[in-house]
Structure formats: structure tokens, C-alpha cells
Amino acid sequence: MKQFLKIFKFELKNYLANKVYLGVTIFMMAVIIGVLFFPRIAESFKNNSPDNDTKSRIMLITADSALSEIGGSQLNSAFSSAFPDYEVVFTDESAEEIQNKIKNEEADCAFAIHSLTDYTYFVNNLSMYDANTAAVDEILKSVYRMTAMLENGVSPEQAQQIMGAEIQHNQIVTGEDQMQNFIYTYIMVFALYMVILLYGQMVATNVATEKSSRAMEMLITSAKPTSMMFGKVISSCVAGLIQITAIFGTAFVCYNINKQQWDDKGMIASSFNIPFSILIYMLVFFLLGFLIYAFLYGAVGSTASKLEDINTSVMPITMLFIIAFFVVVFSLTSGNVDNTLMKVCSYIPFTSPIAMFTRIAMSTVPVYEIIISIAILIVTVIGTGILSAKIYRTGVLLYGTTPKISTIFKMLKKS
């Protein structure tokens, strides 16, 4: 235990003192702070602007004279209420004059209403998020139906009652709301993917560096291979947890400070509306999944004779996890996380950390399935750790070309 603690403290100190580790962590925290504080900062600049009270976005509306008197009057109030962020101005100017005003930035956009079923939209640069035409479609449909009813003898009161009828519905979700859970589930799966691959690669690189410098030969004579392997892997796991906690903790604190500015952004708000049980499951599957892959990366790193061979050596492990990641992402985006492939992946220890976690977050999974998946993971972690320590001890003596798997297992049998 003393050997393990010494190695653990030494390796963890190296991670926390690493400039790249600190730089990436601080950079990510700074980006998150900037993004989540942006609405507050923008609002303060807007409030301090001397032209704030006088400057507004202008929307020009021109309507064909052939429109009925009833329809024309309704358009006036409908546009004003539908576009509160614009100064809606009705004009008799020609289409050419309107286009010139928009080009010269005297107006932001314009609608030429030819009839209640036909219009032209003028805008200089069309934004990806421009929803003005969708709003006007609904306005004209409503006005057209109202006008048609009035012209066919329906009283204004009856027409108003018909058009204003509200549909009420109740929704009972007995399982998980996938729409609400999608964003934070995707973020968490992606975070698990990045951390496992990043720190797994770092474990393999550290082991290979020690071997290539011959430092491992001296270390292994004074410490047990199991203590060395477990110390390196668990220290990297703790470093990863610290980094994730720092980044996600910063995001959580900054969001709550600026919660009022983000309340109208449903997608952002739902990203932080994470149930505590999901966080616990994420922690469990992160730890177990990370340990499995870190042990594998460490074992493979010990067999590499040169640092340059690391990428080639760990490629099969990396590809295995990448395939698992894509299976999960495709299932997640399709909305069917309980398909046969995902259920199978939920019990394979190399894929279950993200597959089972995704199913838990996005659907209703029986408790016994979760217990079985976690039990398989725990057994695999222990087995992988012991096997990796043996490979680590054997790999110290292997120099030259990267040994074949059969050669490693032959040496393990003799040891």
C-alpha cells in the first residue's frame, strides 16, 4: 500500500503540474465563463448605449390596395403584436424603394402583402435563424380565415370565438423525457469519450517514456508491478475527475449566476437541468470505464519499445472505443436507445460505460440490468488490472520490435 500511495502521489503531482493539463483546464474554464456571462455583458453594453432608447429594428409593411378593408385592418394589429422587437411601419412605397432602403440599412426587412395568400419577403442578409416568414405565414392564415368567415355571414363574435378556440392537452410521461434529456446526455457521453481517450493515451505515453529511458527497469526493482500500474492508472483517473469537475463546476456556477439571462433559452436551460441520479450513474460508469481502458493502455504502453510506436500499438483499443462511441451517438440521435445493438453493448464491458449510461439517461432501464452491467464492469476492471500488471512486468524486459500478442502470453505463462 505504501508503494501504491507513493506512486499515486508522484504521478498525480506530475499531472497537476503539467502545463498542458493546466492550460487546457484554464482555457476551457475561461471559454465557459465568457459564453455564460456573454448575455449579461451584452445587456450591460446595450443599457449603457446612448442610442439605446432611440435605435430600434425597422420592419416595413406594404399591402396591396385590393385587400379588403377588414383584412387590411387586421394585418395592422397582427403584425404589431407578432413582432414586438421591431418597429412595424406601414408604407405605400414601391418594391424598388423598399429594396433600396434595406440595402442602405434604413430598414432591417420588409413584407409586400399582395393578398392574404401571397407575399414577398425582403431582407439583406438572411440569417440561419430567421423565422419571420414562418410567423407571417401564421398571421396571414389567421387573417384569411377570419376574413372568409366574416364575408360569409359569420358574426364577428362567432368568428373570434372560432379562431380563438384553444386546444388543451395533458401529457403523462411514465419514463424519461428524451427531448429534455438529450442535450446533457450527449454532452456527458462526449465528455466521457474525450476524457477516456485522452487520459488513456497519456497513461500509455508515460509508461512508454519510462521504458524508453530505462527508468522503468530501476522502478520495477523497488516496487511491485501491481502497485506501479494501479498507482499510474488511478492517479490519471483522479486527474481526469478533477479536470471534469473544474470545467463542469465552472459551467454550473456561471449558469446559476446568469440564470435569468438564459431562462428564455430552453436548450441551454435543459442542459443544466440534470437529475442527481444521472450524475451518480455518470460518475460510476466513468470510473469503471476509465479504469478498464487505462489499464489496457498502460499494458500496451509497456510493450512498446519506442515512444514513436505508441500510436500504432494503441490503435486497436482506440478503434474499439470509437466504434462504441459511434454506436451510441447514432442510437442517441435516432431516438431509439433501446435497440438490440445498444442492449448488447450495455453488457460488453468495453462498450457498456457509455451504452448503458445513455440508456439510463434516455429510457427506462430495469434495475437488475443496471446491476448486472455494473457487476460485469467491476469484475472486468479487477481482471484487467491484474492482467495489465503482469503484462507491465513482462513488457519491461521486451526491447527491439514490438512483440506479438502470442509472445506476450507465452512469457506470462512462464512468469
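Colleague: At what angle do helix α5 and helix α6 pack, and how far apart are their axes?

Modeller: This is a predicted model, and in it helix α5 covers residues 132-151 while helix α6 covers residues 156-163. The crossing of these two helices, α5 and α6, is right-handed. Their packing angle is about 145°, and their axes lie 9 Å apart.

Colleague: How do the residues of the contact of α5 with α6 divide into nonpolar, polar and charged?

Modeller: On the α5 side the contact is made by S142, R145, M146, M149 and L150, and these meet P156, A159, Q160, I162 and M163 in α6. Arg is counted as charged, and R145 is among the contact residues of α5. The division is seven nonpolar, two polar and one charged.

Colleague: Which orientation, roughly parallel or roughly antiparallel, do α12 and α13 have to each other?

Modeller: Helix α12, residues 276-303, packs with helix α13, residues 310-334, at an angle of about 160°, and the two axes are 9 Å apart. Angles over 145 degrees are counted as roughly antiparallel. The two helices α12 and α13 are therefore roughly antiparallel.

Colleague: How many nonpolar, polar and charged residues are there in the contact of α12 with α13?

Modeller: The crossing of α12 and α13 is right-handed. From α12 the residues Y293, L296, Y297, V300 and G301 take part, and they meet I310, S313, V314, I317, T318, L320 and F321 in α13. Gly is counted among the polar residues, and the contact divides into nine nonpolar, three polar and no charged.

Colleague: Which residues of α15 does α12 meet?

Modeller: Helix α15, residues 352-362, packs with α12 at an angle of about 170°, with the axes 9 Å apart, and this makes α12 roughly antiparallel to α15. The residues of this contact divide into nine nonpolar, two polar and no charged. From α12 the participants are I278, Y281, M282, F285 and G289, and in α15 they meet S352, P353, M356, F357, I360 and A361.

Colleague: Which strands are the edge strands of the sheet?

Modeller: The open sheet is formed by four strands in the order β2-β1-β3-β4, with mixed pairing. Its neighbouring strands are turned against each other by 20° on average, direction ignored. The strands that pair on one side only, and hence stand at the edges, are β2 (86-90) and β4 (118-123).

Colleague: In which sense do β3 and β4 pair, and over how many bridges?

Modeller: A hairpin of two residues joins β3 to β4. Along the pairing, F111 stands opposite Y121 in β4, and S115 has D118 in β4 as its bridge partner. Strand β3, residues 109-115, and β4 pair in the antiparallel sense, over six bridges.

Colleague: Which helix packs on the sheet, and what angle does its direction make with that of β4?

Modeller: The strands touched are β1 (57-63), β3 and β4, and β4 is one of the edge strands. The helix is α4, residues 95-103, and its direction makes with that of β4 an angle of about 30°.

Colleague: Why is the pair of Y21 and Y199 edge-to-face?

Modeller: A search of the whole structure finds 19 aromatic pairs, and in the pair of Y21 and Y199 the ring centres are 6.5 Å apart. This pair links distant parts of the chain, with Y21 in helix α2 (residues 19-48) and Y199 in helix α7 (residues 178-212), 178 residues apart. Planes over 60 degrees apart count as edge-to-face, and the planes of these two rings stand at 75°, so the pair is edge-to-face.

Notes: Residues numbered from 1 in each chain as written. Predicted model: local features only at pLDDT ≥ 70, side-chain atom pairs only at ≥ 80, totals over all residues. Heavy atoms only, no water. Axes fitted to C-alpha atoms, helices over the stretch in contact; angles between N-to-C directions. Parallel < 35°, antiparallel > 145°, perpendicular 65-115°, else oblique. Left-handed = near helix turned anticlockwise from the far one by under 90°. Contact = heavy atoms within 4.5 Å. Pairing = 2+ DSSP bridges. Phe/Tyr/Trp six-rings, centres within 6.5 Å; stacked < 30°, edge-to-face > 60°.
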